[in-house]
Amino acid sequence: MAKGAGGTLPSRAPSQTALLKERFSETKEAFDERIRGMMGDRQRAYASTGPLGGGVGRISLKMRLRATWSGRLVLSLIGLLIPTSSAMAERYYFRRYTATEGLSQAAVQALYQDRAGYLWIGTQAGLNRYDGASFTVYGPAQGLAQDWINAIVEDAHGRLWIATLGGVFVWDGQKFRSYTTSDGLADNRVIALAVDREGGIWCGTHRGISRYDGQRWRTYTVADGLPDPRVTVLLVDAQGRLWVGMEAGLAYWTGSRFVAFDSDGLRGQSVRALAEDRAHRLWVGTSTGVRVYEKGRLRKSYATPSPVVTLCADRFGIVWAGTPQGLIKIEDDRLRTLTAAHGLAYSDVRALLEDREGILWIGVLGGLYKFHSRAFTIYRTEDGLGSNVVRPIVRDHRGWLWVGTSGGLSRFDGNRWRNFTRRDGLTDDYVFALLEDRRGWLWIGTRVGITLFDGARFRKDPILSRIGLTVALAQDHAGAIWIATLSGGVFKWVGSRLESVQVEGQTFSNARILVDRRGWVWISGDRGLSRWDGRNWRTYTTREGLASDQPYFLCEDARGNLWFGYHSSHGVTRFDGETFRHYTTRDGLTNDAVYSLGADRRGNIWIGTARGVDRFDGVTFVNYGVEEGYADPESNAGGFWEDADGTLWFGTMGGLSRYDPRFDLTRGDPPSLLFQELRLGARSFPTTTRASLHRQEVDYADNSLIARIAVLSFLNERQVQIEYRLKGLQDEWAPLEGRELRVPNLPPGSYILQVRARKYQGAWSPPLSFAFTIRAPFWQKWWFWGIVGIGLTGLLYGGHRWRTARIRRRAEELEQQVTERTRQLVEKAEELEAFVYTISHDLKAPVISLQGLASLLQAELGGNLSPNAAFYLERIQANAEQMQRLIAELLELSRIGRLREPRRSVPMRELVEEVLAELHGQIELKQARIRIADTLPTVIGERMRLRQVWANLISNALRFSRPEVPPEIEIGAREEQKGIVAFFVRDNGIGIAPEHQEKVFEIFYRVAGKYHDDEGTGVGLAIVKRIVQAHGGRVWVESEGLGKGSTFWFTLPVVRESPNAMEPVPSVESPSGPTSSERRRSR
C-alpha cells in the first residue's frame, strides 16, 4: 500500500460517454472487419457463447445484426466478453523487482539514471539506488526526511535533486540538503523537476513553478503567463526550451514569460506526460490520449482508454505510454496495450525510463519492471498455439507461418493464430516435420504419417499417410522428397513412387536430412554422417573426425560450411569440406546437448541446447535464456526458421520464441565500472569512474586492501564477468567472484589495482585503476638496518674471536680422537680379516679330509651300502663340496682390499670373452643365447678382480634361469657420465622381487621361495659389490618382479687416454658359436 494521503495526483478518468464515443467512432468497413476477426477464420456463426461472467448465463448472438450504431455498440460490448478462438496476444518477459530484491516499496513513480550509470528509483516510501546487483535505500534514517518521491533529476555538478511532498532535496553523494517554502519554494508538494541549459533547477508545484539559480528561488504563476498554476510535468527539449504541463493545458518558457501552446486543441485537457523523440517531435500525454507535435503543429493524435501519466521515446523509434490500465506501445502509427495477458502482471504504470543500454524500466504500482528482453516475443497456448511443445517451423509462400506442436498444426497470419488437428484432416495431432515443396504444398509429418495441404484443404495419400512417425522432410534439386521416419529408415518420394534409401554400412533411425546449396543430400545416421552427391554415397565417422558416430540436427551456413550436433552431448561440429572442428562448453558453448541448429544471413550460427539458445559469430558464444526473453530454458528438436526480414523463430519446450535482432541489447558497449568503496586498512579513499586517481600512500599497518566494485550493466547479472589484477603482486588477470575484492597482508611496495568487466562474452571494458603504495615499516628502513648492522658487527666480531678460539681447541681434540679411532678401526678390520682368513684356511684342511674319507668310503663299500646309507654318504659329499665353495669364497672375500695387484688398462670385451669361454659348458648345457653389445670400453682396474665380477654375474644369469626357458643374456655398457661407464648383464631369468633387490648384495643373503631352490652360498654378489666399490664404482640391480628377468649394473672408470675406448667392434653371440637351440631356429 502507498503510504500517506497525498502525493502524486490522481489521474482524471474520462467519462464513460467519451470512451464509448471514441471506441465506436470507426467506419463501417473497419467495424465489419473487426467482427469477422472476432468470429475467426472458417468459424461458424455463433449459436451461443460461453459464460459471460458470474451469473450471466448464455446469450444468443445473431450473425445479421443491423448496421446501426446501437447494434455496433451492443455487438462490441459482447465482443469484449466473448472469448474468441483466434487469440491475438503475444507475450514478453518482464523482470520484476520488489522488496524481495531489496526495493524499499512497491509504488514506483520516479526513475532516473545518473551520469555515473546508477539507476535511481523513487517510491512512495524511499529513494533507491540500483547498481546492477543490489539496492541501496535512502530514507529518513539517511537524511531524506520526506521519502514520498515524485521526480528525480541531476544537475551539472552531479548532484541529485529529489522532488517530495516535503520540499526538494539535494544529494551530493554524502548528505542530503532540503529546500522548502521557507527557502522560497512555491509549495512543499513538489510534483515535477527539470534542469535548464543554464543549470537552473525548475520545480513544478500546484502553486506555480519555482526556479533555483544556485543562490535564490523565484516563483512563476499565472501572472507570468502560466495558463494554470497546477503544474504536473516539466520537460527541457533538445533546443533548451522548457515545456510545462498543467492540469489545464501546456505552456513553454520564452526566457522571460510563459506562453500557452495549442490552447484550442488542449483546452480542458490535463497534460500529465511529455517526451521528445529523436526526430525532435513533442509527444504530449493527456487525460484522453497522446498528441504528437512537429515544429509546433499537430501531426497525429491517439485516443487511449485511460489517462497517460508517463511517456518515453526510445532509441528504436517506439514511444511508450504509461497508463493506469497498461503500457501502451506506439509503433508505426499503431497502438498496442501490454497488460497481464502480455506478461505485465501489474499494469498500473507510473514511470518510464530507457537507460543507456536500451533497457526500458517500468515503474508500476506493484514494483519495478525491467524490460530488456524485447528482442524476444513469446507465443503460447493462451495466445493461440496448439501446444507449448513446439518443433518444426516453416513460412510458406503466402506469408503464413506454420508451427508444428504436440497439440496440432498452428498457423499465424501476423495477427492471430489458428490451430489444425485431426478434426481438420491431419493424420495425427503431434507434428514432427514440415516442408513446403516447389508447388507450394505443405508436407506435414506426424506420428502416424504425412498429410499434404494444397492451400485449401488437407489431403491424405494412401501410402504417405501410413508411412509412420516422420521426423524429417527435405526436397532435393531434382524435386524428390526425402523422408526420414523414426523406425522405418529413410525414403525418397519420386513422382508417386516411394523408394527406400539404403546406404552400405549405415542405418537410419530418428535421422535428419539437409540438402545443401550444391544439391548434395546429407543424412545423420546411426553409424555416421552420410552424403549423397547424386552418384555415390560417402559416410563420415569418428575415423574421419566426428565426435560421435550418431550426428543429429544439420544446417548449412552462408559460406557453405556444414554444422551438426549429436544425439549425445558432444556439442556442435563444423565441417568445411576437409576438416571437422568441434565446439563444446570448453570453447564457450553454454551446453553440449544440442537440439536445434540454424544459420542466419548475418553469418551467425544459432545453437538450441538444454540451456536456451546460443548465438555464435565465429568467435564468441552469446547465450539467450529466459532472462533474455527466450520462451523456455530448453530448445526443442528442429525449431528454427529465419524470415526474409531477418526475424528468427525458435521452438522450445515452453512455447514459440520470435527474435527481432533490432532489439538485441547484448551487442552493446562494455559495462561501466565504478569503485563503490576503496579501503586500505582503516583508511578510506574517494572513488572515481576513471583511472585518474593519484597514487595513495599508507603505512604498513594499513596493508589490507578492500575494494567494492559496481558493474553498471543491468541486462543480466549472470552474464557479467569481472576480472582483476594487482600489479606488483600478480600481473595476470584473475576472475573476481562477486563484487568485492579483499587482499590481506600486502608486503611493502607499489601496486596498481585494475578491474575490468564484460557482458555476454563481449569486449572488455577499459580497466578501472587504483594506484597505491604501502610504506615499509621502520624495521625495513635502511637507517634502522644500518644501526642494527653496526651493533651486530661489534657483537659478532667479539663473538667470532671467542668462538674461533673455542672451535680451534675443539677441532684439535676431535682430530686426536678421530686419529685414535681410525687407528683402532684399522686394527680391528685387519684383525677381522686375518681372523676370517685364518678360520677359512684352517677349515679348508678338515673339509678336504672329510671329502677324501667320504670318497674312500664310497670306493671301499661300493654297492654294499643300503639305499639310506648311500643317500647319507651322497649328502655328506655334497655338503662338503658346498662348504669348500663357501670357504673358498670367504677366502677370496677376505683377500679383496688386502692383496692387490697393480691397476692397469683392462679391455672389457676381451675379459668377457675369457669368462664366456670358461663357462662354455654351462652355456651349452642351458642352451643359452648370449648377446654382447658392439661397444665395450677399456677400464682401469685389477684384471683378476674384474674377471671375478663378470664370472659371478654371468654364472648367476645362467644358474637362475626359469625352468624350461633357455636363458637369454645381454651384455652391454652405456656412458653414465664423463669418465664413468655403467656395464650391465641382463637376463630373462626368474627375476627378483622389489623387496629383495637391496639385500641381495649382503653377505650370506639368499632369496627363498619360488624359483629359488638353488643352493648358492650367498657370497658371490657380496664379492661383486666389494670389488666394484674397491674400484670406486657402485652396483645395483633392476627387475620388474618374479619371472620378469633381472639387469645387474656396475660402474667403473674408463681409460681417458684411449680415444677408441668406445669404438664399436663386431657383435659376438657366444665364444662357442650358435647354440643348438639357435641352430634349430635358423633352419
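# Exercises on a predicted model

Helix α9 is followed by Gly1032, whose phi is positive, near 80°. Helices (H or I, at least four residues) and strands (E, at least two) are DSSP runs, numbered from the N terminus. This is a predicted model, in which local features need pLDDT of at least 70, side-chain atom pairs count only at pLDDT 80 or more, and totals for chains, interfaces and linings use all residues. Residues are numbered from 1 along each chain as its sequence is written, and side-chain values use heavy atoms, with hydrogens and water left out.

## Exercise 1: helix α9

Task: list the buried residues of helix α9 (residues 1020-1030).

Solution.
- Step 1. Fix the term. Buried means under 20% relative accessible area, exposed over 50%, and partly exposed in between (1.4 Å probe, protein chains only).
- Step 2. Read along the helix. The buried residues of α9 are Gly1020, Leu1021, Ala1022, Ile1023, Val1024, Ile1027 and Val1028.

## Exercise 2: a sheet of four strands

Task: give the strand order of the open sheet that holds β2, β3, β4 and β5, then find its edges.

Solution.
- Step 1. Fix the term. Two strands pair if DSSP finds at least two bridges between them.
- Step 2. Write the order. It is β2-β3-β4-β5, with antiparallel pairing.
- Step 3. Find the edges. β2 (108-113) and β5 (135-138) each have a single partner strand, so one side of each is left without a neighbour in the sheet.
- Step 4. Add the twist. It averages 20° from one strand to the next. Here axes are lines fitted to C-alpha atoms, for helices over the stretch in contact, and angles run from 0 to 180 degrees between N-to-C directions.
- Step 5. Check the pairs. β2 and strand β3 (residues 119-123) are antiparallel over five bridges. Ala110 stands opposite Gly122 in β3. Strand β4 (residues 126-130) and β5 are antiparallel over four bridges. Arg129 has Thr136 in β5 as its bridge partner.
- Step 6. Look at the hairpin of β2 and β3. Five residues lie between the strands, and Gly117 takes a positive phi near 115°.
- Step 7. Check the cover on β2. Five of its six residues are buried.

## Exercise 3: a sheet of five strands

Task: find the edge strands of the open sheet that holds β64 and β65.

Solution.
- Step 1. Write the order. It is β59-β65-β64-β61-β62, with mixed pairing.
- Step 2. Read off the edges. They are β59 (696-698) and β62 (734-735). Each has a single partner strand, so one side of each is left without a neighbour in the sheet.
- Step 3. Take one pair. Seven bridges join β64 to strand β65 (residues 768-774), and the two run antiparallel. Val755 stands opposite Leu768 in β65.

## Exercise 4: salt bridges

Task: how many salt bridges does a search of the whole structure find? Then place three of them in the chain.

Solution.
- Step 1. Fix the term. A salt bridge is a side-chain nitrogen of Lys or Arg within 4 Å of a carboxyl oxygen of Asp or Glu.
- Step 2. Count. The search finds 53.
- Step 3. Take Asp428 and Arg447. Their closest N and O atoms are 2.7 Å apart. Asp428 is in the loop between β33 (417-420) and β34 (431-436), and Arg447 is in the loop between β35 (442-446) and β36 (450-453), 19 residues apart. Asp428 counts as buried because its relative accessibility is 7%. Arg447, at 43%, counts as partly exposed.
- Step 4. Take Arg756 and Glu723. The N to O distance is 2.8 Å. Arg756 is in strand β64 (residues 749-759) and Glu723 in strand β61 (residues 720-727), 33 residues apart. Both are buried.
- Step 5. Take Glu914 and Arg947. The N to O distance is 3.7 Å. Glu914 is in helix α6 (residues 908-918) and Arg947 in helix α8 (residues 943-959), 33 residues apart. Shared partners join Glu910, Glu914, Glu918, Arg943 and Arg947 into one network of salt bridges.

## Exercise 5: the largest cavity

Task: what kinds of residue line the largest cavity?

Solution.
- Step 1. Fix the term. On a 1 Å grid over the protein atoms alone, a cavity is a set of points where a 1.4 Å probe fits but cannot get out, and lining residues have an atom within 4 Å of a point.
- Step 2. Get the volume. The largest cavity holds about 70 Å³. A volume is the space filled by probe spheres set on the points, which are joined across faces, edges and corners.
- Step 3. Sort the lining. It divides into seven nonpolar, three polar and two charged residues. Ala, Val, Leu, Ile, Met, Phe, Trp, Tyr, Cys and Pro count as nonpolar, Asp, Glu, Lys and Arg as charged, and the others, Gly among them, as polar.
- Step 4. Name some. The lining includes His372, Phe376, Glu628, Asp664 and Tyr760.

Notes
1 Å grid on protein atoms, 1.4 Å probe; cavity = no way out; pocket = protein on both sides within 12 Å on 5 of 7 lines; lining within 4 Å.
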